[in-house]
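Biologist: Could you take me closely through the part of this model that surrounds the ligand, starting from the chain as a whole so that I can place it?

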Amino acid sequence: MPQRPELRTLSDDPDDLHGWLRAIATGFYRGTEVGPEEVAARRGGIDPARTQGVYDAGRWVATYRTTPQQLTVPGGAVLPSCAVTNVTVSPTHRRRGLLSEMMARGLTAAKERGDAFASLISAEYPIYGRFGFGPAAWTAEWEVEVARTGLDRRYSGPADWDDGGRVDLVDAAEYAHSAAALHEVFRAQPHRQGAVDRTERSWRTRTGGLRFPGDGFVPPFFALYRDADGRPRGAVAYAVDNHWSAALPEQTATVHDLFATTADAERALWRYLLAMDWVLRVRTGPRAPDDLLPLLLPDPRAAKTTAHADFLWLRPLDVPRMLAARTYAVPGTVVLELRDKAGFAQGRFRLEAGEDGTAACEATRAEPDLCMDAGELGTLYLGDESVLRLVALGRVAEQREGAAARADALFRTARRAWCPDIF
Ligand SMILES: CC(=O)SCCNC(=O)CCNC(=O)[C@H](O)C(C)(C)COP(=O)(O)OP(=O)(O)OC[C@H]1O[C@@H](n2cnc3c(N)ncnc32)[C@H](O)[C@@H]1OP(=O)(O)O
């Protein structure tokens, strides 16, 4: 009798991991083989206890893994999130409910662990809404035509920076060390909601210290912006191609990483990238939708938008904890009623924000001001969507006149949410 597909956790056996990695390669159409070097390189980054999948007829046919993550919320506090990644179902097994089973198991474990929410970067928009996730932070990418920016290309380095700092090229080891420390400051800023922590392992991957067969890693250039006192305030990693045409340089610079803890540093790093000889175009990679870049240019249209899409999705799990952890733009009270088929975030919650921007939140029996599915709270939580807009879309029901406008005033954030990292 044929055996039923089995939903199970990965074992400690390297052969089991090998088969599981092969299923990811298959599910993401990367090929069918995974060599022993790759198994060895990936092993240290995978916690078998948080790695599951479906096993059928002697092979893994579905994969799902989670990692602990710290996610910055409006105001700068961080909350523990269950980061979901490596989700695949082999083409032979799709649309039979395997993802639904893995998700139910994964979210139950996250809820039991006490995570405030689950987070992921979605491969396609329609996949995760049904599981209670909502798009919480968007991303934008630009391609800048340097000649059209209107910037003075005679830029003279440090003399151009406002705070007397300087840009220095550094090697990979120094970048891994200094940028990692700076990133800890970056992600704790009150307006950097959506940022996530980077592990020591992720820094090694970024800087070439940890390689995977076939990853195509070419060491980028690394630079730091240091202020007048020599303290790192910004970091950039970028690559430049080698394209020439009829004896003319036509290079494109591509940004891999750029973040800063001061506006001076952020502006200076863009100015640096846009002043390089030979470089006609700068591709920004994924940025905040309200990145300084376009408006930094005398002609912002020189930055052509090449992508604008949902990026970070959030799935509420512990609503009182989530709502009490962030800060609010004005004092006020709102009662939310959440519907959640899975039950994790179901209920009515009274949020009361004080004069100082902090808030308390608890379950209540009071009449609700606003009713919505749990995923809509995922969308509203980081302040990057308008309640009025969701009411107009029929996704939030306003039970008391003026409640949507009041909630908008509460949830508003000064800068848009941004998750700089794919995970
Ligand atoms: C965080 C990440 O890792 S993102 C990466 C996600 N992975 C991929 O995109 C790789 C390619 N795709 C796949 O591997 C699979 O199609 C998955 C993982 C997206 C879905 O797995 P499945 O086991 O087929 O999903 P499952 O059968 O549980 O589907 C549940 C419901 O979601 C719907 N659904 C699932 N995937 C999609 C999709 N890509 N687009 C639209 N609807 C979808 C199904 O139709 C089903 O709807 P129904 O209940 O109304 O019938």
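Modeller: The chain, which is a predicted model, has 11 helices and 19 strands. Its radius of gyration is 23 Å, close to the 22 Å that the globule rule gives for 423 residues, so the chain is as compact as a globular protein of that length. Taken along the principal axes, the box filled by the C-alpha atoms is roughly 65 × 60 × 40 Å. Of the contacts between residues at least 6 apart in sequence, 73% join residues that are at least 24 apart, and 40% of the 423 residues count as buried.

In soluble globular proteins, nonpolar side chains tend to be buried together. In this chain the largest nonpolar core has 108 residues, and those touching the most other members are Ala62, Ala137, Val236, Leu269, Leu273 and Leu370.

With that background, we can turn to the ligand. There are 23 residues around the ligand, of which Val87, Arg94, Leu99, Ser100 and Ala123 come nearest. Sorted by class, this shell consists of 11 nonpolar, seven polar and five charged residues. Three elements each supply at least two residues of the shell, namely strand β4 (78–89), helix α3 (98–113) and strand β5 (117–121), and β4 gives the largest share, with six residues.

The UniProt record, an unreviewed entry, carries a "binding site" annotation that covers Val87, Thr88, Val89, Arg95, Arg96, Gly97, Leu98, Leu99 and Ser100. Val87, Leu99 and Ser100 are thus named in that annotation and also belong to the residues that come nearest to the ligand.

Two of the annotated residues, Val89 and Ser100, are worth setting side by side. Val89 lies in strand β4, whereas Ser100 is found in helix α3. Val89 has 22 C-beta neighbours inside 10 Å and therefore counts as buried, a label that requires 20 or more. Ser100, with 11 such neighbours inside 10 Å, counts as exposed, because the limit for that label is 12 or fewer.

The contacts of Val89 help to tie this picture together. Apart from neighbours within four places in sequence, Val89 is in contact with Gly27, Val61, Ala62, Arg94, Leu98 and Leu99. Among these partners, Ala62 is one of the residues that touch the most other members of the largest nonpolar core, while Arg94 and Leu99 are among the residues that come nearest to the ligand. A residue of β4 that the record places in the binding site is therefore buried, with 22 C-beta neighbours inside 10 Å.

Terms used
Residues numbered from 1 in each chain as written. Predicted model: local features only at pLDDT ≥ 70, side-chain atom pairs only at ≥ 80, totals over all residues. Core = buried A, V, L, I, M, F, W, Y, C linked by C-beta atoms within 7 Å. Helix = DSSP H or I, 4+ residues; strand = E, 2+ residues; numbered from the N terminus. Rg over C-alpha atoms; globule rule 2.2 N^0.38 Å. Contact = placed C-beta atoms within 7 Å. Near = placed C-beta within 6 Å. Nonpolar A, V, L, I, M, F, W, Y, C, P; charged D, E, K, R; others polar. UniProt positions renumbered as here; feature names shortened; annotations may be inferred.
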